[in-house]
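Welcome! Here is a set of short exercises, each with a worked solution, to help you find your way around a structure you have not seen before. Try each task yourself before reading on.

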Amino acid sequence: MLGGLSNKLRDAMDRLTGKGSIDKAAIDDLTRDIQRALLSADVDVQLVLELTEKIKKRSSGEMPPGLTRKEHIVKVVYEELTEIMGKTKSQVELKPKKVLLAGLYGSGKTSTAAKLARFYQKKGLKPFLICCDTVRPAAYERDNR
Ligand SMILES: Nc1nc2c(ncn2[C@@H]2O[C@H](COP(=O)(O)OP(=O)(O)OP(=O)(O)O)[C@@H](O)[C@H]2O)c(=O)[nH]1
Ligand SMILES: [Mg+2]
């Protein structure tokens with residue numbers, strides 16, 4: 001579900017690093033691009049505003065010695081994003097559990113179920129995806145592509 005987000009964030013950073021000089025407008029462009037990317041991935045509005053405000057403030061503020069302004073901004077964005085997304089990789093235990101995938105129509109629940117199945121398959125398990133939707137017309141055909 002977050003597949004498109006990393007591309008959008010990369011595009012935002014590419015736009016910044018492609019610029020000749022970094023002025024206030026360049027930082028405004030960057031934070032606007034990051035806001036658009038995060039909001040289109042359904043990240044909480046308040047969180048997005050707080051995050052981009054911090055990025056904006058730190059980007060135009062004091063720089064550690066030895067870094068160019070662009071390098072400094074890339075570092076700031078990286079640090080702020082890892083701060084909200086978590087610094088460590090979480091481990092998934094291979095034991096029986098229930099996972100609920102909740103989301104709006106077409107937000108990627110079924111695709112995520114398939115990705116989870118693939119994940120467990122690679123770990124040596126034999127997952128089955130079973131279509132139990134008897135209400136939606138052609139549900140089986142639709143998700144059995
Ligand atoms: N770019 C992109 N497309 C995705 C991603 N996940 C799902 N899609 C696409 O989004 C569309 C809907 O995905 P589904 O997995 O069917 O969504 P769903 O939540 O099960 O939809 P409903 O069952 O109708 O509520 C499909 O065309 C998927 O290929 C993703 O991470 N990135
Ligand atoms: Mg579905």
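**Exercise 1.** Locate V48 and decide whether V48 is buried, partly exposed or exposed.

*Solution.* Start with the element: V48 sits in helix α3. Keep in mind that you are looking at a predicted model. Next, count neighbours: 19 other C-beta atoms lie within 10 Å of V48. A buried residue needs 20 or more, and an exposed one has 12 or fewer. V48 is therefore partly exposed.

Now look for partners farther along the chain. Once neighbours within four places in sequence are set aside, V48 is in contact with Q35, L38, L39 and V43. You can also check the distance to I34: the two residues are 14 apart in sequence, and their C-alpha atoms are 8.5 Å apart in space.

**Exercise 2.** Do the same for T52: which class does T52 fall into, and which residues does T52 touch?

*Solution.* T52 also has its place in helix α3. The neighbour count is 20 other C-beta atoms within 10 Å, so T52 is buried. Leaving out residues up to four places away in sequence, T52 touches T31, I34 and Q35. Take T31 as an example: T52 and T31 are 21 residues apart in sequence, yet the distance from C-alpha to C-alpha is 5.6 Å.

**Exercise 3.** List the residues of the largest nonpolar core and say which elements give two or more residues to this core.

*Solution.* First, the members: the core has 10 residues, namely A12, L16, L30, I34, A37, L38, L51, I55, I73 and V77. Second, the elements: α1 (3-17), α2 (24-40), α3 and α4 (69-85) each give two or more residues. Third, the shares: α2 provides the largest one, with four residues.

To see one core member in its setting, pick V77. Apart from residues up to four places away in sequence, V77 touches M13 and I55.

**Exercise 4.** Find out what the phi angles of D42 and A138 have in common, and compare where these residues lie.

*Solution.* Begin with the background: most residues other than glycine have a negative phi. D42 is not a glycine, but has a positive phi of about 65 degrees. A138, not a glycine either, has a positive phi of about 55 degrees.

Then place them. D42 is in the loop between α2 and α3, while A138 is in the loop between α5 (109-122) and α6. Last, look at their surroundings. D42 has 13 other C-beta atoms within 10 Å, so D42 is partly exposed. A138 has 9 C-beta neighbours inside 10 Å and therefore counts as exposed.

**Exercise 5.** Work out what span helix α5 should have, and check the result against its end C-alpha atoms.

*Solution.* The helix has 14 residues, and each step counts for 1.5 Å. The expected span is 1.5 Å times one less than the number of residues, which gives 20 Å for α5. The end C-alpha atoms of α5 are 20 Å apart, so the two values agree.

Now look inside and just beyond this helix. A114 is one of the residues of α5, and with 13 C-beta neighbours inside 10 Å A114 counts as partly exposed. From A114 to P127 there are 13 residues in sequence and 9.5 Å in space, C-alpha to C-alpha. After α5 comes G124, with a positive phi near 100 degrees.

**Exercise 6.** Step back and describe the whole chain: how many helices and strands are there, and what is the radius of gyration?

*Solution.* Count the elements first: the chain has six helices and zero strands. Next, take the overall dimensions. The radius of gyration is 20 Å, whereas a compact globule of 145 residues would have one near 15 Å. Along the principal axes, the C-alpha atoms fill a box of roughly 60 × 35 × 25 Å.

Then turn to the domains. The domain assignment gives domain 1 (3-85) and domain 2 (92-145), and their C-alpha centres lie 34 Å apart. As for burial, 9% of the 145 residues count as buried.

**Exercise 7.** Which helix has the lowest mean pLDDT, and which the highest?

*Solution.* Look at the chain as a whole first: its mean pLDDT is 91, and 97% of its residues reach 70 or more. Among the elements, helix α6 (residues 139-143) has the lowest mean, 82, and helix α3 (residues 45-60) the highest, 96.

How values were computed. Residues numbered from 1 in each chain as written. Chains lettered and ligands numbered in written order. Predicted model: local features only at pLDDT ≥ 70, side-chain atom pairs only at ≥ 80, totals over all residues. pLDDT = per-residue confidence, 0-100. Domains from an automatic or database assignment. Core = buried A, V, L, I, M, F, W, Y, C linked by C-beta atoms within 7 Å. Contact = placed C-beta atoms within 7 Å. Rg over C-alpha atoms; globule rule 2.2 N^0.38 Å.
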